[in-house]
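Student: I would like a close look at a single part of this model. Please keep the answer connected and brisk.

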Amino acid sequence: MTTHTRLTNREVAAILAGVAARLQILDANRFRIIAFQNAAESIRTLAQDINAIDAAGELTSIQGVGKGIGDAIHTLLVNGSDPEFDALFAQVPQGVVDMMQVPDMGPKKAKRLWEELGIDSVAALRAAAEAGKLRDLKGFGAKSEEKILKGIELLAKRTERGDGERMPIGVVRPLALHMIAELQAKLPAGAIERIEIAGSLRRWKETIGDVDILCLSAQPALVMETFRTLPEVADILGAGETKSSVVLGNGLQVDLRVVERKHWGAALQYFTGSKEHNVAVRELALKQGWSLNEYGLTATGAGDAPAGEERFFEEEADLYAFLRLEWVPPELRENRGEVAAAQQHTLPALLTLADLQGELHGHTTWSDGVASVAEMAEAARARGYHYWNVSDHSVGLGIVQGVDGEKLRRQRVEIDAYNRRCAEADIDFRLLQGSEVEILADGALGLPDDVLAGLDVVVASIHSAQRQDRETITARCLKAIYNPHVDILGHPTGRLLGERPPTEIDMERILQACRETGTVVEINANPARLDVNDLYARRAVELGCKLAINCDAHSPQDLTLAEYGVGVARRGWLTAADVINTRPVDAMLALLKDAQRNAHDQP
Ligand SMILES: [Zn+2]
Ligand SMILES: [Zn+2]
């Protein structure tokens with residue numbers, strides 16, 4: 001009989017992570033710290049209920065859980081607490097652990113502040129920094145006080161944002177599209193002539209503050225009324241004749257504006273943003289003697305046109321053209337050089353969803369996917385793909401079902417049979433066999449080299465011990481990159497949008513190594529990940545790396561997520577040539593082979 005509440009996987013993981021953090025602060029044995037970090041990460045991502053695994057006496061079958069930690073978890077699950085953990089939690093206050101969340105505040109600094117100045121919470125840390133008390137400590141100065149205060153501010157903002165100020169695009173976009181579809185379905189045919197999403201959503205930003213929608217309509221009052229009574233609307237902030245602001249049940253704000261046809265081009269440009277891009281365009285317009293607002297251009301008198309003369313644009317492209325700019329794709333409008341490029345007509349020909357010929361990272365029921373090899377292949381073909389790489393998790397991951405060499409041999413038979421059927425039916429589609437091989441905590445891979453050598457495309461990823469320090473996790477990843485059998489680095493920074501920050505990994509060094517070895521950098525298109533992000537994608541191309549856009553699909557429906565990866569790629573200025581899975585299968589494989597030849601021993 002248990003008298004305490006049953007602990008969930010997440011709760012157990014949090015306790016183990018708390019133990020690891022305290023061991024870090026106490027400067028315990030490094031391997032012991034890593035062991036707890038590994039176990040925490042494994043259990044956090046574990047599919048099976050840990051109580052069931054414990055009941056079956058199989059805790060040590062979980063990756064990273066040895067006899068010692070297993071026994072402690074068992075005690076924890078049975079009694080609701082573990083005496084050794086309790087002692088650690090009593091010894092190091094939670095507030096000191098929280099201090100480690102402040103950017104740049106490692107365990108060593110937190111420990112010294114706590115032991116030498118008695119600071120045991122983020123609030124106490126702020127007070128001490130504000131009072132100038134940290135500079136008494138050797139190695140700390142006014143500069144570090146300033147840095148710590150800034151870090152605390154950042155941390156507070158991050159926490160605030162976590163409360164829902166910005167939402168992941170993967171949540172917002174389907175909702176916005178659904179509302180537009182509902183609006184159109186409820187209105188008489190032709191009531192809306194044109195409707196378009198503007199704002200950061202049109203720019204495919206990874207998180208969205210609020211949604212801006214513009215439309216053309218001869219019946220604005222009816223459109224507004226219908227919009228405000230959509231079932232998702234929880235609250236109405238504004239109800240004007242041509243503008244309505246509503247808040248949805250999940251807290252998202254959506255604004256709808258009806259604009260005049262002659263203002264459409266300028267309005268769409270204005271409400272698409274970003275603010276920084278618009279400032280740059282406005283400055284350029286001013287230099288040409290025009291002031292720009294959401295309606296159009298008005299001559300200032302400084303140019304050829306007499307002051308007060310107006311220009312309107314039905315299309316956004318006409319506005320850009322008038323200013324002697326190439327039309328700038330919304331994804332580029334962040335003032336990162338796009339205005340100058342538009343002036344010189346050197347904007348990149350961004351890749352599109354239609355450029356993707358196949359994908360190189362996805363899962364089936366051989367690991368944690370929900371569909372069979374054949375079902376995933378059918379879904380890929382239905383999207384017009386010509387190839388799909390079966391890359392199930394290798395052994396070595398916390399999830400119970402990993403694929404080892406023996407299973408891969410059996411899986412190969414299934415894949416070959418499917419490909420034979422395609423060939424006989426003259427279908428231009430090929431399944432490849434790969435693996436999402438685990439990069440273990442020490443940088444070794446979850447499958448031996450001779451097994452990897454037999455695969456078509458190998459993706460290597462990290463799913464455990466993600467809180468290793470910068471040096472450790474970077475070295476770990478470099479080891480995998482320099483393995484000649486590794487073709488693609490999967491979701492390189494490990495972040496989960498709004499849920500888990502990226503690892504400490506040194507992406508500049510990682511990208512340099514990818515360039516050197518020809519290892520392909522993944523843009524994981526799953527909107528919970530979007531990893532690498534737009535900035536790293538752009539940097540990767542600058543360095544000369546190739547990228548791959550993969551849904552990391554675990555179900556047939558997941559393949560629809562590719563558009564999010566394309567959004568990231570476009571924001572990163574990528575062309576089709578930068579992305580390997582825009583190539584036909586043989587050309588793509590040849591490129592990977594070349595890269596393998598270039599891979600050499602790690603310096
Ligand atoms: Zn993965
Ligand atoms: Zn995966």
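Student: How many Å separate the centres of domain 3 and domain 4, taken over C-alpha atoms? Please take me through the place where these two domains meet, then move outward from there.

Tutor: A caution to begin with: this is a predicted model. The centres of domain 3 and domain 4 are 41 Å apart, taken over C-alpha atoms. Domain 3 covers residues 264–343 and domain 4 covers 361–598. Ahead of them in the chain come domain 1 (9–162) and domain 2 (167–258).

Now the contact itself. Eight residues of domain 3 are in contact with seven residues of domain 4. About 680 Å² is buried between the two domains. Carbon and sulfur atoms give 49% of that area. On the domain 3 side, Glu-331, Leu-332 and Arg-336 lose the most area to domain 4. Together these three residues make up 80% of what that side buries.

Next, the polar part. Three salt bridges link domain 3 and domain 4. The residues on the touching side of domain 3 divide into three nonpolar, one polar and four charged. Side chains of opposite charge can pair when their charged atoms come close. Arg-571 and Glu-334 form a salt bridge, with 2.9 Å between their closest N and O atoms. Between domain 3 and domain 4, four residue pairs are in polar contact, both residues having pLDDT 80 or more.

Stay with that stretch of domain 3 for its backbone. Asn-335 has a phi near 55°, a positive value in a residue other than glycine. Asn-335 sits in the loop between α15 (316–322) and α16 (338–343). Another backbone feature to inspect is the cis peptide bond joining Gly-273 and Ser-274, with omega about -5°. Ser-274 is in the loop between α13 (264–272) and α14 (275–287).

Cross to the numbering range of domain 4, 361–598. A cis peptide bond also joins Asp-531 and Val-532, where omega is about 10°. Val-532 is placed in the loop between β16 (520–524) and α22 (534–543).

Then turn to the metal. Glu-436 (OE), His-463 (NE2) and His-491 (NE2) coordinate the zinc ion (ligand 1) at 2.1 Å. The spacing of these donor residues in sequence is E-x26-H-x27-H. Glu-436 also bridges the zinc ion (ligand 1) and the zinc ion (ligand 2), and the two ions lie 3.3 Å apart. Glu-436 lies in strand β13 (residues 430–438), while His-463 lies in the loop between β14 (457–461) and α20 (470–481), so the pair ties together parts that are 27 residues apart in sequence.

Finally, set this beside the rest of the chain. The structure holds 28 salt bridges. One of them joins Glu-225 and Arg-228, at 3.6 Å from N to O. Both residues lie in helix α12 (residues 220–228), three residues apart, about one turn of the helix. Leu-175 lies in helix α10 (residues 169–186). Leaving aside neighbours within four places in sequence, Leu-175 is in contact with Leu-248, Asn-250 and Leu-252. Leu-175 and Val-211 are 36 residues apart in sequence and 9.9 Å apart in space, C-alpha to C-alpha.

Key
Residues are numbered from 1 along each chain as its sequence is written. Chains are lettered from A and ligands numbered from 1 in the order in which they are written. This is a predicted model: local features need pLDDT of at least 70, side-chain atom pairs count only at pLDDT 80 or more; totals for chains, interfaces and linings use all residues. Side-chain values use heavy atoms; hydrogens and water are left out. Domain bounds come from an automatic or database domain assignment. Contact means heavy atoms within 4.5 Å. Buried area is the accessible area (1.4 Å probe) that two parts lose on being put together, summed over both. A salt bridge is a side-chain nitrogen of Lys or Arg within 4 Å of a carboxyl oxygen of Asp or Glu. A polar contact is a pair of N or O atoms within 3.5 Å; within protein, one must be able to donate a hydrogen and the other to accept it, and residues adjacent in sequence count only if both atoms are side-chain atoms. Ala, Val, Leu, Ile, Met, Phe, Trp, Tyr, Cys and Pro count as nonpolar, Asp, Glu, Lys and Arg as charged, and the others, Gly among them, as polar. Donors are N, O and S atoms within 2.8 Å of the metal (3.2 Å for Na, K and Ca); water is not among the atoms, so sites may look incomplete. Helices (H or I, at least four residues) and strands (E, at least two) are DSSP runs, numbered from the N terminus.
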